[in-house]
Amino acid sequence: MNKHVLYFTFFFGLAGIFTGCGDSDSNGNIIGPQKGDSSSSVESSSAEPVPVVKPIDYSKAVAMNKKLGKGINFGNTFDATCETCWGGGPVEKAQVDYVAKMGFQTARLPVRWDEATSKEPPYTIEPSYIARIKEVLGFFKDNKMRVMMNMHHHDSFIYDLVYTDEACNSKTYNQRKSSCNNSSGSVNSENLEKNLARVDSIWAQISREFKDYDNDFLLFELFNEPVYGVSAEIHNEMIKRTYPIIRATNPGRTLVYNTYPWGGINGIKKLELPEDGNIIIDIHYYEPQSFTHQGHNSKCDVSNPVIWEDTRANKEKITSDFANMRQFANDRFPAVNPEGIPITIGEFGVSTCNNVASKALWTKYVVAAADSMNMSWQYWAFTSVGGFEVYKKSTGIWEVPVVAALGADTTGLAKIIIPDKVVEETKTEETTDSGTKEKTEDSEEKTEDTSSEG
């Protein structure tokens, strides 16, 4: 099988492949790369391998990307440690009905398959978990929405991959995430193969279970935000291994691939894709993070919030970042079709910190930049995601200016309690490796550095 960037070459030099030093809690709430690990700086051209490429006709994927249009993430549901553990779930049909009524065309559905899959071969996914996913897919299908379903928070790579550095091996889960990912130690190849085989098995089961879903309705996204044990090399190997597995049962399904690290723009230059015209690249955008993340999990200074204004410099920064996305993709994956390989903005958003008007303004310009580049997008997120949400389930209040900036129908939108169940957002207690209990908010922390400098 031919490959787009010669990725039949396996990366045997696995020393130091653990990535992106950062921190997180035991619930998968992500805290992004520390200084020095930013994906916003562009590496020199001399450091970039020159790929051997063959122009591909991405017309089929471009057509699908146009259909995706404007979308929204149903985050902190199936990507949480349980569907209701982080406050975003359960996903109710009434919620989906309302989101569809507002004009959203696509839902991105993050799924933590890791949590529902056995740790030993044949790595079986719990049938009840698959059944519940299918039930929720039915909600979207009934509303003629499309769904981009992914693998989210696959934390087994953190628990199971072993460093030769004994100091790292003796650390707790959180300590390994925060201090060991740039270690000079090597990965234990046996554990690496076990984890890759488990991912293979999970995608084989997903592919079989969902193969009869209309290709025009359901898309598969391989892996959300590769980082923390999943280096660029491991991610590319994962793509190489799972691609034929998925295509064996889903020959016509659109496949979506995120980038290392954190779904950032510069990761396009490290991404290796199959020679296949039905592929979309997924980029996540949260720039500048001093603005977009200030309100996450009530961490903001309400008396002195960071405000994003539509200054020339701020607008040009967004325009430049989106132009770089397009250029990097064109350079890395030459296309026969004039549009190039399609790009979706799988996540973008702002955590509220006494700044809804500013949040709406930023959102408006990001949406405009994506639309100008013919990129689909999915806002992060619908409800209960630590400040990023546009709808507060516990109060029934919508952030109307932000919803309007997303181009959704705001008719009658003020304080509306969506029918069915209204689940109060709660704090949950989880036990960490160290045996202590931490109180964690009901959302995933999103602080990846996703801008670029061209």
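Start with the whole chain: of its 454 residues, 60% are buried. What you have open is a predicted model, and its secondary structure comes to 12 helices and 14 strands. Turn on the surface if you like. About 17000 Å² of the chain is accessible, and 52% of that belongs to carbon and sulfur atoms. Now think about who touches whom: take contacts between residues at least 6 apart in sequence, and 79% of them join residues at least 24 apart.

**Stop 1: colour by confidence**

Colour the chain by pLDDT. The mean is 81, and 72% of the residues reach 70 or more. Select residues 1-50, where the pLDDT is below 50; beyond near neighbours in sequence, this stretch still has 168 contacts in the model. Then select residues 420-454. Here too pLDDT stays under 50, and the model has 145 contacts beyond four places in sequence for this stretch. Where pLDDT is low, the predicted coordinates should not be read in detail. Hide both stretches if they get in your way.

**Stop 2: the barrel**

Show the strands as a cartoon. Which strands close into a barrel, and in what order? There are 8 of them, running S3-S4-S5-S6-S7-S8-S9-S10, with parallel pairing. Going from one strand to the next, the twist averages 25°. As background, strands of a sheet pair through backbone hydrogen bonds, either parallel or antiparallel.

**Stop 3: strand S5 and its two partners**

Select residues 146-150, which form strand S5. On one side, strand S4 (residues 106-109) runs parallel to S5 and is joined to it by 4 bridges. To find one of these, click Thr106: its bridge partner in S5 is Arg146. Strand S6 (residues 218-221) also runs parallel to S5, again with 4 bridges. Met148 is a good residue to click here, as its bridge partner in S6 is Leu219.

Is S5 enclosed or out in the open? 5 of its 5 residues are buried, so S5 is largely enclosed by the rest of the structure. Switch on the side chains and look along the strand. Arg146, Met148 and Asn150 point one way, while Val147 and Met149 point the other way. That fits a general pattern: in a regular strand the side chains alternate between the two faces of the sheet.

**Stop 4: helices on the sheet**

Go back to the bridges between S5 and S6, which run parallel. Next, select residues 232-249, helix H8, which packs on the sheet and touches S6 and strand S7 (255-257). The direction of H8 makes about 165° with that of S7. Then move on to helix H10, residues 312-332. H10 packs on the sheet as well, touching strand S8 (279-285) and strand S9 (343-348), and its direction makes about 150° with that of S8.

**Stop 5: Ser351**

Follow the chain on from S9 and click Ser351, in the loop between S9 and helix H11 (356-372). Is Ser351 buried or exposed? Ser351 has a relative accessible area of 0%, so it counts as buried. Leave aside its neighbours within four places in sequence, and Ser351 is in contact with Thr292, His293, Gln294, Gly295, His296, Gly386, Gly387 and Phe388. Zoom in on two of those. A polar atom of the Ser351 side chain lies 2.9 Å from the backbone nitrogen of Gly295. For the backbone nitrogen of Gln294, the distance to a polar atom of that side chain is 3.5 Å.

**Stop 6: backbone oddities**

Now for some peptide geometry. Select Pro121 and Pro122: the peptide bond from one to the other is cis, with omega near 10°. Pro122 sits in the loop between S4 and helix H3 (127-142). Stay in that loop and click Tyr123. Tyr123 is not a glycine, yet it has a positive phi of about 55°. With a relative accessible area of 8%, Tyr123 is buried.

Where else can you find a cis peptide bond? Try Glu287 and Pro288, where omega is about -5°. Pro288 is in the loop between S8 and helix H9 (289-292).

Finish at Trp262, in the loop between S7 and S8. Trp262 is another residue that has a positive phi although it is not a glycine, this time about 65°. At 0% relative accessibility, Trp262 counts as buried.

Technical notes
Residues are numbered from 1 along each chain as its sequence is written. This is a predicted model: local features need pLDDT of at least 70, side-chain atom pairs count only at pLDDT 80 or more; totals for chains, interfaces and linings use all residues. Side-chain values use heavy atoms; hydrogens and water are left out. Two strands pair if DSSP finds at least two bridges between them. Helices (H or I, at least four residues) and strands (E, at least two) are DSSP runs, numbered from the N terminus. Axes are lines fitted to C-alpha atoms, for helices over the stretch in contact, and angles run from 0 to 180 degrees between N-to-C directions. Contact means heavy atoms within 4.5 Å. pLDDT is the predictor's confidence in each residue, from 0 to 100. Buried means under 20% relative accessible area, exposed over 50%, partly exposed in between (1.4 Å probe, protein chains only). A polar contact is a pair of N or O atoms within 3.5 Å; within protein, one must be able to donate a hydrogen and the other to accept it, and residues adjacent in sequence count only if both atoms are side-chain atoms. Accessible areas come from the Shrake-Rupley method with a 1.4 Å probe; for residues, only the protein chains shown count as cover.
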